[in-house]
Amino acid sequence: MEEQDVHFRHILLYYFRKRKNATQAHKKLCAVYGNEDLKKRQCQNRFASFRSGDFSLKNIQRSGRPVEVDETHIKAIINSDRHSTTRDIAEKLNVSHTCIEKSLKKLGYVKKLDLWIPHQLKEIHLASAIRF
């Protein structure tokens, strides 16, 4: 996704230097890449930064909580306490609970009867579920 964003910025800079406006550039990009890839407002914001003299094409670092979390930490917390909520895990790892929800979904965990279990149960998971 990052590479595609930089690619779009290069194209937008090209249209900016050809004296096109953001709406024209957006229409041309949508004709080639489709409507869902780049929003009109993103083009307008990028053109505004070009007009102010900012021609950087890379993403700038943002402040705030990290969006990536080590999945081994999440697994360790779940294995120690399967009743943990996403907010409990998020508080322990100092990230947002939506980040934890996305990571759990990516790991294949679902919450059933107040327990985190893998979405696809294997024989070993069935044996451990019986103990609870």
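Where is the place of S84? I began with this residue in the predicted model and found S84 in the loop between helix 4 (71-80) and helix 5 (86-93).

**Entry 1: S84**

I looked up the accessibility of S84 and noted a relative value of 2%. Buried means under 20% relative accessible area, so S84 counts as buried. I then followed its side chain, which reaches the backbone oxygen of D81 at 2.9 Å. Leaving aside neighbours within four places in sequence, I listed I77, I89, K92, K111 and W116 as the residues in contact with S84.

**Entry 2: the chain as a whole**

I counted seven helices and two strands in the secondary structure of the chain. Read from the N terminus on, the elements run α-α-α-α-α-α-β-β-α. The chain has 132 residues, and I recorded 30% of them as buried. For the surface, I noted that the chain exposes about 9,900 Å², with carbon and sulfur atoms supplying 51% of it. I also checked the contacts between residues at least 6 apart in sequence: 56% of these join residues at least 24 apart.

**Entry 3: nonpolar cores**

Which residues have the most contacts inside the largest nonpolar core? I found L12, L29, L38, F47 and F50, in a core of 14 residues. Helix 1 (2-17), helix 2 (22-33) and helix 3 (40-51) each supply at least two residues of this core. Helix 1 gives the most, with six residues.

I took F47 from this core for a closer look. Not counting residues up to four places away in sequence, F47 touches L12, Y15, F16, K20, N21, A22 and A25. Apart from the largest core lies another, of twelve residues, and I noted A90, I100, L104 and W116 among them. W116 had already appeared in my list of contacts of S84. As general background, I recall that nonpolar side chains tend to be buried together in soluble globular proteins.

**Entry 4: cysteines**

How many disulfides does the count come to? I obtained zero disulfides. C30 is in no disulfide, and the nearest cysteine sulfur, that of C43, is 7.1 Å away. The cut-off for a disulfide is a pair of cysteine sulfur atoms within 2.5 Å, and therefore the sulfur atoms of C30 and C43, 7.1 Å apart, do not qualify.

Are these cysteines buried or exposed? I noted C30 as buried, at 13% relative accessibility. C43 is buried as well, with a relative accessible area of 0%.

Methods: Residues numbered from 1 in each chain as written. Predicted model: local features only at pLDDT ≥ 70, side-chain atom pairs only at ≥ 80, totals over all residues. Heavy atoms only, no water. Core = buried A, V, L, I, M, F, W, Y, C linked by side-chain atoms within 4.5 Å. Buried < 20%, exposed > 50% of the residue type's maximum accessible area, 1.4 Å probe, protein only. Helix = DSSP H or I, 4+ residues; strand = E, 2+ residues; numbered from the N terminus. Contact = heavy atoms within 4.5 Å. Areas by Shrake-Rupley, 256 points an atom, 1.4 Å probe, with all protein chains shown as cover. Polar contact = N/O pair within 3.5 Å; in protein donor to acceptor, adjacent residues only side chain to side chain.
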